Amino acid sequence: MCGIVGYIGESEAAPILLEGLSKLEYRGYDSAGIAVYNGTAIEMIKSRGRLKVLNELTHGGASLPGRAGIGHTRWATHGSPSDSNAHPHFNGDNSIVVVHNGIIENYLKLKKKLEAKGYEFVSETDTEVIAHLLDYYYDGNPLEAIAKIMYRVEGSYALGIMFEDHPREVYAVRKDSPLIVGKSEKGNFIASDVPAILKYTRDVYFMENEEIVCLNKEDVTFYNIDEEVLVKTPVTIEWDIAAAEKGGYEFFMLKEMYEQPKAVSDTLMPRLKNGDIVIEELQMTEEEIRDIRKIYLVACGSAYHTAVTAKYVFEGLARVPVEVDLASEFRYRNPIFEPGTLVIIISQSGETADSLAALREAQKHGCKVLGIVNVVGSSIAREADTVMYTWAGPEIAVATTKAYSTQLIVHYLLALKFAKVRGKVNDIKFREMIEDLKRLPEQIELLLANKEKIQRFANRYLAAEHVFFIGRGIDYAISLEGSLKLKEISYIHSEAYAAGELKHGTISLIEDGTLVTAVLTQDHLFKKTISNVVEVKTRGAFVLAVAHAGNAEIEKTADYVIYLPKTNEYFTNSLAVIPLQLFAYYVSLGKGLDVDKPRNLAKSVTVE
Ligand code: BG6
């Protein structure tokens, strides 16, 4: 997720582009750049680092005169943050310039074809392919060239484009990634989101998929992929800028929860090809996958909780022994590293000190380390032997939600891939599970629509002092995350327990009205967990149950039930965590707390 902006009009473009980008930094902030037509040519300045670096480099835009331009603030997906990978990207003779938000899924194939035709690439990005592809199809008609590349490019994109020989026009095109057009007396705009242009206009057009727009300083004209003119109606935006950055959500955490369907899809779909799981970045041969004798899953916080779930999935599906470790323990407990050991480090930020040290400890003992990371170019991403990115986009709220959900998806993909290569799952089962994975985004969407019901329930527990979460198997792993979410942002003491373990001590804490959240998504453990629910009920607990639709038997025991759509038992964590995130969010909101920046916590702990 990056931020793009464009302007053409009566005013100097560069200051407007920089101002717009500053309002889009929540979409990505590892590098930035702008390109402006200065009357004779397109000039570009771009750099690694936060926007303020670009601001200094361009002296607030003053060193790039001109009244038409495009700009970009980056969240790296392909190619680490660097000056050459920063956007915009030129074609060979700097006559076409492009900014892009999204992922070009077939960029490697297109790149090979263009290189075979003599095109030279200066960056590692998927985006540069667009600049050269436009060049290849360009014969003086921008619209035609844009339409031609749309037929050949796969993936998601919002593009801002300028052609040197059409200096009084800025073009843009959208497919899947958001793009808006703003119209004002003083000029016209394109942007990834409303905050970038709200200072200048409230008259906005929302671009639909496969629509193209041509801006000049007086007007905006929309086209479809067949270059036919489209008539569109602008809407007037009422939001203030702060609200707009959160997309109208009160807190980034809620916004990021609602971004989970897309984040899960963005992380899953590029790795599903022709009914198979293709993980190009894994760089392991089938033989190497068959030779894995043991996996260590190592992480901190919520990332560690995905590892607890992943142990059940890897061992259950691929029959590979898995040990799960807290990174702060792993780095000092002198683990045993035998040949055939794969170490997987999971981290949203890629900068967590304990996880980074665990990585180095494993490498010191000659182990292959796979990093599962959300921030491209982060330390763990750079130092791991191979890295699989979770394409959740930037996560601003301290308590993780969408990055957590995408980490689960990567675990499922790896475990299912290993199971197939190791002959532990047959083709029918494999295809069924792929279909289950594909259904997760819409099922998560369904659960998010349940928020009012959960808010009403949460408001009854604003004064709770102690809350317990219980479950068996993967449900225990879900309980760990549900409990941590509540603790992180509501400051209520909460504990998660393997349901069968409660009676060996902790049940002494259950008294009248104690809230116990029971997670029961594993059919083969359902009855066992029901008996544990009965145990706490008889001690006066109030039980909130999270169960699959169709398991109505739980109604007889629990006081309140949230039902989940059906999915494969190994994937239930992705659904059951949604109501638990919402519960924690609404308790924190109800207590009037700063949901996004809870006390005593940081988004990434880079010290020991
Ligand atoms: C904490 C964050 O500081 O670190 C948690 O508040 C996170 O949300 C944990 O799960 C681990 O961070 P990371 O970036 O390594 O996944």
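**Exercise 1. Classify Cys-300 by its relative accessibility, and find how far its sulfur is from the closest cysteine sulfur.**

Solution. Cys-300 has a relative accessibility of 23% and counts as partly exposed, where buried means under 20% relative accessible area, exposed means over 50%, and partly exposed lies in between, with a 1.4 Å probe and protein chains only. The model is a predicted one, in which local features need pLDDT of at least 70 and side-chain atom pairs count only at pLDDT 80 or more, while totals for chains, interfaces and linings use all residues. Residues are numbered from 1 along each chain as its sequence is written, and side-chain values use heavy atoms, with hydrogens and water left out.

The next step is the distance: the closest cysteine sulfur to that of Cys-300 belongs to Cys-367 and is 18 Å away, which is too far for a bond. A disulfide is a covalent bond between the sulfur atoms of two cysteines, and the cut-off used to find one is a pair of cysteine sulfur atoms within 2.5 Å. The count for the structure is 0 disulfides. Another cysteine, Cys-2, has a relative accessible area of 6% and is buried.

**Exercise 2. Describe the surroundings of the ligand, beginning with the residues that come nearest.**

Solution. The ligand has 14 residues around it, and those that come nearest are Ser-347, Gln-348, Ser-349, Thr-352 and Ala-602; a residue is near a molecule if one of its heavy atoms lies within 4 Å of it. By residue class, the shell divides into 5 nonpolar, 7 polar and 2 charged residues. In this division Ala, Val, Leu, Ile, Met, Phe, Trp, Tyr, Cys and Pro count as nonpolar, Asp, Glu, Lys and Arg as charged, and the others, Gly among them, as polar. Helix H10, residues 301–318, supplies the largest share of the shell, 3 residues, where helices (H or I, at least four residues) and strands (E, at least two) are DSSP runs numbered from the N terminus.

Now take the distances to oxygen atoms of the ligand, bearing in mind that a polar contact is a pair of N or O atoms within 3.5 Å. The side chain of Ser-349 has an N or O atom 2.6 Å from a ligand oxygen, whereas Gln-348 brings a backbone N or O atom to 2.7 Å from a ligand oxygen. For Ser-302, a backbone N or O atom is 3.0 Å from an oxygen atom of the ligand. The protein covers 92% of the 390 Å² of accessible area that the ligand has on its own, with areas taken from the Shrake-Rupley method and a 1.4 Å probe.

**Exercise 3. How many salt bridges does a search of the whole structure find, and how are Lys-262 and Asp-266 placed in their helix?**

Solution. The search finds 31 salt bridges, each being a side-chain nitrogen of Lys or Arg within 4 Å of a carboxyl oxygen of Asp or Glu. Lys-262 and Asp-266 form one of them, at 2.4 Å from N to O; these two residues are 4 apart in helix H8, residues 260–268, and so are separated by about one helical turn. Lys-262 is partly exposed at 42% relative accessibility, and Asp-266 is partly exposed at 23%.

A further pair is Lys-429 with Glu-432, whose side chains meet at 3.4 Å, N to O. They lie 3 residues apart in helix H15, residues 427–448, which also means about one helical turn between them. Lys-429 is partly exposed at 35%, and Glu-432 is partly exposed at 40%. For Lys-255 and Glu-259, the closest N and O atoms are 2.9 Å apart, and both residues are buried. Finally, Lys-294, Glu-323, Asp-325 and Arg-333 are linked in a network of salt bridges.

**Exercise 4. Where are Pro-88, Glu-210 and Glu-227 found, and what are the backbone angles there?**

Solution. Most residues other than glycine have a negative phi, and most peptide bonds are trans. Pro-88 is in the loop between strand E4 (68–74) and strand E5 (89–90), and the peptide bond from His-87 to Pro-88 is cis, with omega near 5 degrees. Glu-210 sits in the loop between strand E11 (203–206) and strand E12 (211–215), with a positive phi near 60 degrees. Glu-227, in the loop between strand E13 (220–223) and strand E14 (229–230), has a positive phi of about 65 degrees.

Conventions
A polar contact is a pair of N or O atoms within 3.5 Å; within protein, one must be able to donate a hydrogen and the other to accept it, and residues adjacent in sequence count only if both atoms are side-chain atoms.
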